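Q: Could you walk me through this one, and show how each label follows from its cut-off?

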Protein chains: 2
Amino acid sequence: MSDLTLLAEKLDAADELAPVRSRFVLGPASDDPADAEGIYLDGNSLGALPAHVPDRVADVVRRQWGELRIRSWDESGWWTAPERIGDRIAPLVGAAPGQIVVGDSTSVNVFKALVAAIRMADDDRDELLVDATTFPTDGYIAESAARLTGRALRAVTPTELPGALTGRTAAVLLNHVDYRTGRLHDLPALTAAIHAGGALAVWDLCHSAGALPVGLDEHGVDLAVGCTYKYLNGGPGSPAYLYVRHELQDRFDSPLPGWNSHADPFGMDPSYAPAPGALRGRVGTPDILSMLALEAALEVWDGVSLAAVRAKSLALTDFFLRCVSEYTEPGRLECVTPERHEERGSQIALRCADAGEIMKRLIARGVVGDFRHPDVLRFGFTPLYVGFRDVERAARVLGEVVA
Amino acid sequence: MSDLTLLAEKLDAADELAPVRSRFVLGPASDDPADAEGIYLDGNSLGALPAHVPDRVADVVRRQWGELRIRSWDESGWWTAPERIGDRIAPLVGAAPGQIVVGDSTSVNVFKALVAAIRMADDDRDELLVDATTFPTDGYIAESAARLTGRALRAVTPTELPGALTGRTAAVLLNHVDYRTGRLHDLPALTAAIHAGGALAVWDLCHSAGALPVGLDEHGVDLAVGCTYKYLNGGPGSPAYLYVRHELQDRFDSPLPGWNSHADPFGMDPSYAPAPGALRGRVGTPDILSMLALEAALEVWDGVSLAAVRAKSLALTDFFLRCVSEYTEPGRLECVTPERHEERGSQIALRCADAGEIMKRLIARGVVGDFRHPDVLRFGFTPLYVGFRDVERAARVLGEVVA
């Protein structure tokens, strides 16, 4: 056994989150150091299946839909699911209850958040800033929000802030973690800088929620959105969420004022009157199957400390970098994820010209990460179910594949 | 046995759609004429569960998500589900393939359709008309679309058309069937009138698709939206759909240009370039569990003729009115659904001052319809699984309850 194999075993033995792995459908960690089957390092794209979710979904389908049918809107709590599940996500992103609703896709929630933010700002603030490095959909939607509200849009990198802020800036949309490089941006400092510039801070938490503490309330974030199918393990395309800070809720003026956000949705009033609170972020009828699968999936967080998650995440990515450096010829792979812990999310991105081909061969060997055009290998480390032996083996197979 | 009971049996025996009932989880039709248990007349709100859907959903959860995980985006056809399922809905609404995508809620799709319609119209057409009798969310969303595009909004009843059209009218949003009264509007004539006025016709098919032929292509409808959880039985909050006529697709300029509608979504280009065709109606990552439950549910339509569905729907509603008139004191209930077949959808709405209380007592007796504020009893007749004995018994229980 190599020193790194022994070290991996020691780290796994000392890992307080190790027992959480059994809450997922992954099979047990193999004891065979040559076995790289099923090393899943793509939880930053689609989280693994929590073991109890299939039975819960079956109950929703067979009993709640099949037997109770329409009565389930009340009796099975369907109607209140968006805010109830929002409150379940809230502690994971550092939010008090009553500020998050679940529903729609991330893109749709970015649209709600940006148009609402523009409407909260003074009229002479006629410009929207968007993270130039963010996942593309945020930029596309920001462009639409700016166009529909007659604002200018300017793309800036997070490092250009606060210098890029002007007296014209209404709001800034930033991504907490860069989806390609895995760089973690300084949410507290950037939010404070945006506020100092008189603008609203809107954060996309897709790549941070569930991987590290976010602290929305503590840092005074104004609006935030995120998906639930990555580190929150809600299932493919599970509904996204929208956070609206308490103090801003009365001024939240949605561009998608569907009947679910009405103060009296069953009054069937032809005039719109918004519900109080976070409910204003609701739109149409919620997709119950996906939503209740997510609700069940969130139970894996019971008793899990986010501080432990963050500590393990950093230990996993540190260890991965060490193993890669040991097993791979120097210069073959360029790490584009920051070395500094303060600047690192829960993924490692390695650059090489033949990344697309390398990832295909890794997947064929059972090590599942993903490829991001044009030259990035991404490896996501979900602390709830990835162990140190997984990491050592994945790095070893990577070393063999690139050799 | 009363004459009506005998007649119901005869009608059931002659019903060519009767065998389709077994495709749903409803239990067999009872032979006990006194047994009103489980008469489900609320399929116009939430369709019943197709019997094969639970196993299909279980496979999506356990195997596609749990085992294949991220590979399912390709290998299980997740990525192409929105357009594939759109093509499965297409024949049910009279559309050729390539014009429908599934995803998001009806409200979100109304928003896409209206903003896109406004953008297709000449700039001097600065007014949007919306059906004053439509389900409220359509009006709320139309107001938002008008506000964001700087257009005026005017609510008109379908009967005020074509007189209400002016040279300023960009588009008209109408509901095919009035959700309260069950009145069916004349889609061919109204669409032609709207076109004659130089405007675009946008139809909401929530209460017609799956209950009667729609003929989108034949009648030259421009844009349409609909939900899938009523007569299409897709499950609670299953995703809605958007129809964009072939000839208009190149001009479809979405207000929600998420990355799923990009010409090269995995190119991760910071600039937006729309995909060709109906794909432009996609936004964010589709909610796969709800979407694939819907796909499975649509299989109940295999071999079912929409003409037979429409004929049975009218026979069911005719028979219900006859039974109600037989079993209920004259004047106790006012039918607000039109008598004429050309003006009737697949529901019957009866008005009485104590409708809320009556519906509670009906439900307690096993006859499930719904109540619409302030004074309407709604009964939906899904021809795929409602039989004539159900109808006779429901009317009998209604007569007893109102007496």
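A: Happily, starting with polar contacts: 21 residue pairs, both at pLDDT 80 or more, are in polar contact between chain A and chain B. This is a predicted model, where local features need pLDDT of at least 70, side-chain atom pairs count only at pLDDT 80 or more, and totals for chains, interfaces and linings use all residues. Residues are numbered from 1 along each chain as its sequence is written, and side-chain values use heavy atoms, with hydrogens and water left out.

Q: What makes a pair a polar contact?
A: Two N or O atoms lie within 3.5 Å; within protein, one must be able to donate a hydrogen and the other to accept it, and residues adjacent in sequence count only if both atoms are side-chain atoms.

Q: Why is the meeting of B:Arg147 and A:Asp253 called a salt bridge?
A: The term asks for a side-chain nitrogen of Lys or Arg within 4 Å of a carboxyl oxygen of Asp or Glu. The side chains of B:Arg147 and A:Asp253 stand at 2.5 Å, N to O, so the pair qualifies. Between chain A and chain B the count is four salt bridges.

Q: Which elements of chain A give two or more residues to the side that touches chain B?
A: They are helix H2 (53-68), helix H5 (106-120), helix H6 (136-149) and helix H8 (288-297), helices being DSSP runs (H or I, at least four residues) numbered from the N terminus.

Q: How many residues does each chain bring to the contact?
A: Chain A gives 71 residues and chain B gives 71 residues, with contact meaning heavy atoms within 4.5 Å.

Notes
Chains lettered and ligands numbered in written order.
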